[in-house]
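Here are some exercises to work through with the model open beside you. Try each task before reading its solution.

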Amino acid sequence: MALKKNLALALAFGLAATALQAQDMRIGLQEDPDVLDPDQSRTFVGRIVYAALCDKLVDISPGLEIVPMLATGWEWSSDGLQLTMTLRDGVTFHDGTPFNAAAVVANIDRSQNLPESRRKSELSSVTGVEAVDDLTVRFTLGAPDATLIAQLADRAGMMISPTAAAAAGVDFGANPVCSGPFSFVERIQQDRIVLTRFADYWNADAIKLESVTFLPIPDTTVRLANLRAGDLDMLERLAATDAASVRGDADLSIAQATSLGYQGITINVANGERANSPIGQDARVRQALSVAIDRDVINQVVFEGAFAAGNQAYPPTSPWYNAAYPVPARDVDAARALLAEAGYPDGIDITVQVANNPVQQQLMQVIQAMAGEAGIRITLEAKEFATLLSEQTAGNFIGSQVGWSGRVDPDGNIHQFMTTDGGLNDSGYSNAEVDRLLNEARTSNDIATRRALYTQASDILMADMPIIYLYHQVWIWALDSGIEGFVPYPDGMIRLQGVSMTQ
Amino acid sequence: MLAFIGRRSLIAIPTVILISVFVFALQKLLPGDPVLVMAGEERDPAVLEYLREQYRLNDPIPVQYMIWVGNALQGDLGISLRTNQPVLALIAQKLPVTLQLAVMALVIAVVIGVPAGVLSAYKKGTWIDWLANVVALSGLSVPNFWLGIMLILLVSVKLGWLPASGYQPFSDDPLQSIRTMLMPAFVLGTGIAATLMRHTRSAMLSVLKSDYIRTARAKGLAEHVVLIKHALRNALVPIVTVTTLLFGELLAGAVLTEQIFTIPGFGKLVVDAVFNRDYAVVQGIVLCTGIAFIFMNLLADVAYRILNPRMRDK
Amino acid sequence: MSTLTADPRRAAAEVLPQRRSRIWRKFRANRAALLGGVIVGFFVLIALLAPLLPIPAPTATDWGAVRKAPSSAHWFGTDEIGRDVLSRMVWGGQASLMAGVVSVAIAVFLGVPLGILAGYLRGWTDAAISRVTEAMLAAPFLILAIALAAFLGPSLTNAMIAIGLSAMPIFIRLARAQTMAVMTEDYVESARAVGLRHGPMIWRYILPNIFPPILVQATLTIATAIIAEASLSFLGLGQQPPAPSWGSMLNVAKNFLEQAPWMALYPGAAIFLVVLGFNLLGDGLRDALDPRDH
């Protein structure tokens, strides 16, 4: 009996192994993800792995609407203080633990109370969660929070097996157990993360691959070479300058989506002593720098036109973009006039720190040349990213070229940066009216109301300009032409539902 | 000889202590808060402070050092801040990878470098000497990362002969493992081979001019006996020294080579760890490399004594 | 050292001037070494004359001519933001040559005296120097360089310091080993027997005898150092933009291999030639300086 069972198992494994070789999808990542625990995770690239590993309460559509995932429906109370979610029936975690209201309660509790959890601020509005019945869960909020549902569409809403979480505690990331389409097999740091198809997935019909292997390959040239050599089936973040050559390759195809984030220059306006610079103290100087830059030329020269020029926290295509301030054309005379008005007819000297990677340096060299013609003489300080981040938080900078990966809810791109106590407000900007507008925008679930508030806030920000926005990255994926069904999302994730491969 | 080895091992202890102090000093010199780097886009001050406490980053450096040394003596090198994995497990995972790369590279280097050097010295001034020099110079003049990328483009993309990157454990599939490692080992080995060839040539030239070689020849010994038994044996002293010294170069080269070919070894681990301020990992690796290097030095000294009897009395 | 008289001091004094002219004769007869000298001289001259040459500024950009192939207007083509590659080659040569020479100078001037002291005095001095050398060698050079660059901030100067310091142990060990070998030679032992003091001993016997291998190593190391600068640039830790060096040019060019191969071709060729030059030169010097060659 036992022998028979073993034989059957062996056969099944043998078959699975054969199929596995045929249907293993190999995806090249730009970085090695950090710890694979949704509550402790911090990196963008980690979220790409979660998209295959961990389902969330809700997901987003390519058009950024919130759509059902593990929750099939949700409803807000009229005062906006209660969110009731109906959960999907028949879902199990990879270890067989059933998914239900109690599991959601345990997950939210872990996200809020695990000392190492990075999800605390995302769930700060939640004061209680209760299981109404087995498949209904109710969130109680201390104050209305329009951003909560978008948080639940990301890591804060990722459901991990409560059994595994209780057993592993803080070391959950060594062997993550979720409920997504693929389950964890192994990870060799800096080499590979292997996931295999989860047979009991609730949406198993949409999963056409047997396994998926994520391979971190930081060098863009090498990543593309691997794809061309057939060692990868797909890669994320193709260099914009390689897009044309990939398009010309019959064996490859391209998918792209404008990101939710931005790149810009953060100016130190009130973060310590180094804020005492002409550009830190006078908004006209910041406006002069902004208008001295030709954003379209940047896009053409550095990104071969593949990215999107921008001047706000949202790309011009976003519903939250303030149309009263279109991307400005370059105007050197206007820049000089603004400088003269601010009392610097002979121009100014500033230093801008930039990460020591070739693309950001190319960007800043172009800006350096452009600003120089308008009398703003930029000295570049190349820094390692770790140093750059520390200096920026400490206020030891005049200008700092950094970006933000972007969030689904508009609040995520602006509130932390522009409010007085914002966690990422490195420029030190503070304006009571902006604080009021952005705080109020958080509390309303009405889109029109929120849009009006964000527009008012950006009217002020476009004049004060603590961050000079430059462009919006476009996610570019390069795929083997045998891959079908891949849908690009603006969040840059790779969703494998519906994706198939023909060899 | 045993007493000598024992004495040398004792001498190594202060070196290891020096290395550990050096690593600790370095981490305080580095700007950049590890916890902040870990945080990336999410900087919840309460969590950051909790982690600083957790990893004892708020303690004075001497205290951190003593704790680390205490744990290290018990075989605990701490855990990676980035992935929460124990450093010792990480090192155990990476060690065979880099070792395989280094051994393959060294084999390639010795197989090319030493015969080329002997031949070139023996045929000094002929076209063979010239050719060997040109080849060696080419190996030295091409930057490693450049050669790597060129080879990937040529061998993997255009010809499709070898995989562009990736790593197969030797125990899983030895043939595939050697195949994936062949290009990186070649890239790493060429520079070493060139250096080795030049030192072999230098050493051989010196020896070939010496009196006892003339004596050996005058005695009518066959040329290959003179060359191999007398000349090469004596030239081996500097060659062995250089080869041991090249161990460090091999590790340094592995750092770059592993970056290009994305080989999950020591080099890649340590570069990423430095950039991410993952101190526990940096400390662990430098300590292990240090011990490995000291071991190599010991080997060199032993070889030195065996090959050069005059040194024994000193 | 062809003759050995009873008084080694006089022997050395007599032999040296004679040797100098012989070295020069031998060096001139070595065509390969002369070629090396010419190549190195050519690049040094170009680098020194950079401000006088009729070329555009190395940082002058032209948005209309981004990554354009070589033409009559731009002999070597243009780079990723429309700068003249020829001009950047010329100016970049300064940085790359500096990186090679300065870092080796650091290594030699710190390393050789320490190595001689260790090999000559032996005992505690040797133990201390050797331990520190081993500790330094134990940290692979790129890790030291990365850490230094991170500490000081990435720049050409810091790259040179990092390369110099990491090359130093090789010179310490080489000088020590050579000194120890020289000390076992009969003529040194006899010089010691007649009571020659430490200073003259090192100056007359040790230095001239360890000089050839040090010179060979230094030449090789200049070449290695130029490549090391390129390698550090590969990690973003060498020369910083907008100033050029061959290494940083290669680093950027690797992203445009398909679209703009000329961006990689010329700096690559220049590195190759200069390294070749230094190696030929070093070989020639080695042969010319070899004291045992008569």
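**Exercise 1. One residue in chain B**

In which helix of chain B is the place of B:Leu106? Find that helix, then describe the surroundings of B:Leu106.

*Solution.* Start with the address: B:Leu106 sits in helix H5 of chain B. Helices (H or I, at least four residues) and strands (E, at least two) are DSSP runs, numbered from the N terminus. Residues are numbered from 1 along each chain as its sequence is written, and chains are lettered from A and ligands numbered from 1 in the order in which they are written. This is a predicted model, in which local features need pLDDT of at least 70 and side-chain atom pairs count only at pLDDT 80 or more, while totals for chains, interfaces and linings use all residues.

Next, count neighbours. B:Leu106 has 21 C-beta neighbours inside 10 Å, so it counts as buried. The cut-offs are these: a residue is buried if 20 or more other C-beta atoms lie within 10 Å of its own, exposed if 12 or fewer, and partly exposed in between, with C-beta atoms placed from the backbone.

Then look for partners. Apart from neighbours within four places in sequence, B:Leu106 is in contact with B:Ile192 and B:Leu250; contact means that the C-beta atoms, placed from the backbone, lie within 7 Å. Finally, check B:Gly189: its C-alpha atom is 6.1 Å from that of B:Leu106, although 83 residues separate the two along the chain.

**Exercise 2. The four-stranded sheet of chain A**

What is the strand order in the open sheet of four strands in chain A, and which strands stand at its edges?

*Solution.* First, the order is E4-E5-E7-E6 (chain A), with antiparallel pairing. Two strands pair if DSSP finds at least two bridges between them. Strand E4 (71-76) and strand E6 (126-133) of chain A are at the edges; each has a single partner strand, so one side of each lacks a neighbour in the sheet. From one strand to the next, the twist averages 20°.

Second, follow strand E7 (residues 136-141) of chain A. Six bridges join it to E6(A), antiparallel, and the two strands form a hairpin with two residues between them. A:Val129 stands opposite A:Phe139, and A:Glu130 stands opposite A:Arg138. E7(A) also pairs with E5(A), again in the antiparallel sense, over five bridges; here A:Phe139 is the bridge partner of A:Leu83.

Third, sort the faces. In a regular strand the side chains alternate between the two faces of the sheet. In E7(A), A:Val137, A:Phe139 and A:Leu141 make up the covered face, while A:Thr136, A:Arg138 and A:Thr140 make up the uncovered one. Helix H3 (residues 101-113) of chain A lies across strand E5 (82-87), E6 and E7 of chain A, and runs at about 165° to E6(A). For such angles, axes are lines fitted to C-alpha atoms, for helices over the stretch in contact, and angles run from 0 to 180 degrees between N-to-C directions.

**Exercise 3. A helix and a low-confidence stretch in chain A**

Why is helix H9 (residues 283-292) of chain A largely enclosed? Where in chain A does pLDDT stay under 50?

*Solution.* Begin with H9(A): nine of its ten residues are buried, so the rest of the structure largely encloses this helix. Among the buried ones are A:Arg284, A:Val285 and A:Leu289.

Now turn to pLDDT, the predictor's confidence in each residue, from 0 to 100. The mean for chain A is 91, and 95% of its residues reach 70 or more. Residues 1-22 of chain A stay under 50, and the model has four contacts beyond four places in sequence for them.

**Exercise 4. Chain B and its partners**

How many residues of chain B are in contact with chain C, and which helix gives the largest share? Then look at the side that touches chain A.

*Solution.* Take chain C first: 42 residues of chain B contact 39 residues of chain C. The largest share of this side of chain B, eight residues, comes from H1(B). By class, the side has 28 nonpolar, eleven polar and three charged residues. Ala, Val, Leu, Ile, Met, Phe, Trp, Tyr, Cys and Pro count as nonpolar, Asp, Glu, Lys and Arg as charged, and the others, Gly among them, as polar.

Now the contact between chains B and A: it takes 41 residues from chain B and 37 residues from chain A. The side of chain B that touches chain A has 20 nonpolar, twelve polar and nine charged residues.

How values were computed:
Two residues are in contact if their C-beta atoms, placed from the backbone, lie within 7 Å.
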